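Reader: I'm new to this one and would like a close look at a single part. Could you pick one helix and walk me through what surrounds it?

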Amino acid sequence: MPYESYKTVEDSRTEWMKCIQHEDINGNGRLFGGRLMEWMDEVAGIAATRHCGGYVTTAAIDNLQFKKGAFINEIIVIRAKLTYVGRTSMEVRVDVYVEERDTGIRRVINRAYFTEVNVDDNGKPLPLKYGLTLETEAEKAEWEGAKKRLEVRRQRRVEGF
């Protein structure tokens, strides 16, 4: 694909933190899943924007996994990084952690892959200017996983999902 230049995964890595408040809690006393999804979508969009230098919109979310709950006054850490770049879209991996106050140790509570599309002011997809340079074996493995997820999404569309 003809990109103007390339960026690394680290160039657009994004990290966001929040202390869970009462308005973030559901009826069971846990962090409301919809609120967490909103935060994840925002952080994914920021990482994608940092990569493309333009506007983005979320097109798909894959493998959203709620692994553990989170509770009032816990510190949430949301980290996003690019895993794949296509012609107009990017895949962003978003990991969510609860950070222990006394040790700083983070435990994973959620993970998902967001497909973000570079768009113009009218929402029309635009070709990406920047490709993605893969520097580690882990980044290469994420790229290969992204290609598989892309193919699964394409197949599901063909099947009417």
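**A close look at helix α2**

Author: Let's start at the end of the helix: just after α2, G53 has a positive phi of about 75°. Keep in mind that this is a predicted model.

Now back up into the helix itself. α2 is made of 20 residues, and from its first C-alpha to its last it reaches 28 Å, close to the 28 Å expected at 1.5 Å a residue. Its buried residues are L36, W39, M40, V43, A44, G45, A47, A48, H51 and C52. Look at how the numbers are spaced as you read along. An α-helix has 3.6 residues a turn, so residues three or four places apart point the same way. You can try that on the buried list, which includes L36, M40, A44 and A48.

What does the helix lie against? α2 packs on a sheet, where it touches β2, β3, β4, β5 and β6, and its direction makes about 55° with that of β6. That sheet is open and has 5 strands, in the order β2-β4-β5-β6-β3, with antiparallel pairing. β2 (14-19) and β3 (55-66) are the edge strands; each has a single partner, so one side of each has no neighbour in the sheet. From one strand to the next, the twist averages 25°. For β3, the partner is β6: the two run antiparallel and are joined by 9 bridges. One pairing to find on screen is T57 with V117, its bridge partner in β6.

Helix and sheet also meet in the largest nonpolar core, which has 32 residues; M40, I76, I78, V92, V94 and V96 touch the most other members. At least two residues each come from α2 (33-52), β4 (75-85), β5 (89-99), β6 (106-119) and α3 (137-158). α2 gives the largest share, 8 residues. Take V94 as an example: setting aside residues up to four places away in sequence, V94 touches M40, A44, I78, R79, A80, N110, R111, A112 and F114. Two of those names, M40 and A44, are also on the buried list for α2.

The other helix in this core, α3, lies across β3, β4, β5 and β6 and runs at about 80° to β4.

Finally, have a look at H51, which is found in α2. Is H51 buried or exposed? H51 counts as buried because its relative accessible area is 0%, and the cut-off for buried is under 20%. Leaving out residues up to four places away in sequence, H51 touches K7, S12, L82, V85, M90, Y130, G131 and L132.

Notes: Residues numbered from 1 in each chain as written. Predicted model: local features only at pLDDT ≥ 70, side-chain atom pairs only at ≥ 80, totals over all residues. Heavy atoms only, no water. Core = buried A, V, L, I, M, F, W, Y, C linked by side-chain atoms within 4.5 Å. Buried < 20%, exposed > 50% of the residue type's maximum accessible area, 1.4 Å probe, protein only. Helix = DSSP H or I, 4+ residues; strand = E, 2+ residues; numbered from the N terminus. Contact = heavy atoms within 4.5 Å. Expected span 1.5 Å × (residues − 1). Pairing = 2+ DSSP bridges. Axes fitted to C-alpha atoms, helices over the stretch in contact; angles between N-to-C directions.
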